[in-house]
There are 2 protein chains.
Amino acid sequence: MVFSHRVAALKPSAIREILKAPSDPETITLAAGNPSPDAFPAAEMAALAAEIFSTNPSGALQYGISEGYTPLRERTRKRVFEKYGAGRDADDLIITSGGQQVVELTAKTLINEGDTVICETPSFIGSLNALRSYGANLVGVPCNGAGMDADGLERALRDHPEAKLIYTIPTFQNPTGEVMPLSSRIRLLELAAQYGTVVLEDDPYRELRYGGEAIPPIKALDTDGRVIYAGSFSKIIAPGIRLGYALAQKELIAKMTAAKQVSDVHSNLFFQILVERYMAEYDIDAHIGKCRALYKIRRDTMDAALQKYMPDARWIVPEGGLFLWVKLPGGRDGTEFCRSAKEKKVMAVPGSAFLPDENGASDAIRLNFSLPTPKQIEIGVERLGSNL
Amino acid sequence: MVFSHRVAALKPSAIREILKAPSDPETITLAAGNPSPDAFPAAEMAALAAEIFSTNPSGALQYGISEGYTPLRERTRKRVFEKYGAGRDADDLIITSGGQQVVELTAKTLINEGDTVICETPSFIGSLNALRSYGANLVGVPCNGAGMDADGLERALRDHPEAKLIYTIPTFQNPTGEVMPLSSRIRLLELAAQYGTVVLEDDPYRELRYGGEAIPPIKALDTDGRVIYAGSFSKIIAPGIRLGYALAQKELIAKMTAAKQVSDVHSNLFFQILVERYMAEYDIDAHIGKCRALYKIRRDTMDAALQKYMPDARWIVPEGGLFLWVKLPGGRDGTEFCRSAKEKKVMAVPGSAFLPDENGASDAIRLNFSLPTPKQIEIGVERLGSNL
């Protein structure tokens, strides 16, 4: 069978392959990107599911519209405006099947084969692969400890003035955990305007902040409808329900809706109704506060364990998100390190998995602190230390 | 904003636009493709949802793998093999976000811009648009009262020997309701082998048969892994949960899995578990039997109403599915007819919406008999008759 150009080179992501790997039951995984199951509001969701089944099962089980369940769209839009300051009258919001689908629909809607997309290096592999699957030419701008380097972005745009899209995760970047300061966000937007480039701001981790002050999303600074904002319910409610959203100018949302229609018609309607009811009947901010408290302990536990067991490695303690990005001592190759770590019953993701350059090497590894318990974090990092 | 070639011409489907239309509350819609809400096993689903929330909420709300929930994959595969005779050792099965996503993933995995896809004319607009969104060149082969005309297919393949894919709905075709006989299925497969063409068999209506004998799917005749089989839970359980599946050769399913990973990561896990439990704990065949009894009455009601109110129109009474395809008397244009029908408070879909040739005209309309009640069918067809 002859595959299309776009998928001929598409390989299953290293992360998901690792998630699937049949593992020794004693293996500790620091390789996931999962929230903690302790962070799911399961009891409230159970009550709401029972309520929906008793009041309106037919409506929740029937076909819906591709834009998403109207009350959820409206409530989400209101929350994003009130809490993040993002969204203009000329914008619209579509419910998607997770934040991942925003990247997919953006690529499908904007990218022709060979178009240049500027992104951070390293960056989230799922997004890079979605862009690759539409034939994008990825140009990586290094993270400089504070997200995408603005001077690097300017150089990339000068080299690729025709670039179609800038893909960025400005807040608690995956995998580095870095946060782009306000000044860089403003400059990124100015550069995008200067070169006529669209910006895709991927922001699934925003509310998982464990210290410091919140910085407005780039979308909140967007006056000319240049920014597509990708949000997600995966990290603040639950990922298995596959719900996220895109906020962008109306004309673009209309095209994304047409693209979504032919992709999966609409997202799971039952859980769209459930999430809307959850936000209406419960205090989602209080719930997120509990998640933050849970993850802050785990982040601090991982930081302390790294200081204890891997003192010669280098890392920045992230102010939020799910990940710690660790540079191995002596420039050791991350892929080789992760391979041998697995034999020591601990899993991490090699930094090379996050590079726009598929043949690149990295001396870093990504560690997740949201899924393992503090005890597992302590043992896992100890095992990583013994692998040095 | 400059859109990609592939979506620049993609318009929201006429059907979904009609579904969304703010309608007079007295308007009767015969324009949908929805199952009846009376056909959802809502009480059983409510019990199973409560069971999942009480036994394994964390597992059902967490990230899953892109292939789908393993027990559901296995149970579905077993059922498809035992009931339809389809599936070989060299095949694999992936759970998708509705049957629509099978068409999307097939197009993404196989179609390069400009590739020829042979399909029935008329055919399901959602699939045609999914194929268009990957730049497919659609070549329509007329339905001849018994599905895709085999001689027409041979001519189309002779004219387009490089055709990449044959897309067919051989059983209760949408919109015509026609069934391709076994001899034509065998010949289609021989022609596909002769020209090295892949076949996508879209089969969401198979089990909604109200008379006559079941015919094996083309996939059951597939000895060399040429056929991709698209199945759906939308019409036998509920569409709002967005679950379907693809059964195809392993190599292709692996590529589709990689493509799905970057599209929506995986389908809603909670309902994957729920559907698996439904098939395990309840009698799905008995449930489908009830759906069949319900729809048979509605089909017969519509046939009788057409005889009464539109005796000069022409239609074939379909042995299954959800639709009646009605040729208007005197070659009247379907689009104009549907527009004026809406003013008479009844909605139908013009035949032109289903043509691979987007500029084509049609003297037919598609009527749905699954969603309206028998009384609504009677009144709706009476209103259609008054519009002649």
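This is a short tour of one sheet, the helices beside it and the nonpolar core of a predicted model. Residues are numbered from 1 along each chain as its sequence is written, and chains are lettered from A in the order in which they are written. Because the model is predicted, local features need pLDDT of at least 70 and side-chain atom pairs count only at pLDDT 80 or more, whereas totals for chains, interfaces and linings use all residues.

Select first the open sheet of chain A, whose seven strands follow the order β2-β8-β7-β6-β5-β3-β4 with mixed pairing; strands are DSSP runs of E of at least two residues, helices runs of H or I of at least four, numbered from the N terminus, and two strands pair if DSSP finds at least two bridges between them. At the edges stand β2 (91–96) and β4 (137–142) of chain A, each with a single partner strand, so one side of each is left without a neighbour in the sheet.

Next, select β6 (198–202) and β7 (227–232) of chain A, parallel strands joined by four bridges, where Leu200(A) has Ile228(A) as its bridge partner. Helix α7 (125–132) of chain A packs on the sheet, touching β3, β4, β5 and β6 of chain A, with contact meaning C-beta atoms, placed from the backbone, within 7 Å.

Finally, turn to chain B and select Ala246(B), which, leaving aside neighbours within four places in sequence, is in contact with residues including Leu93(B), Val102(B), Ile228(B) and Met256(B).

Key
Contact = placed C-beta atoms within 7 Å. Axes fitted to C-alpha atoms, helices over the stretch in contact; angles between N-to-C directions.
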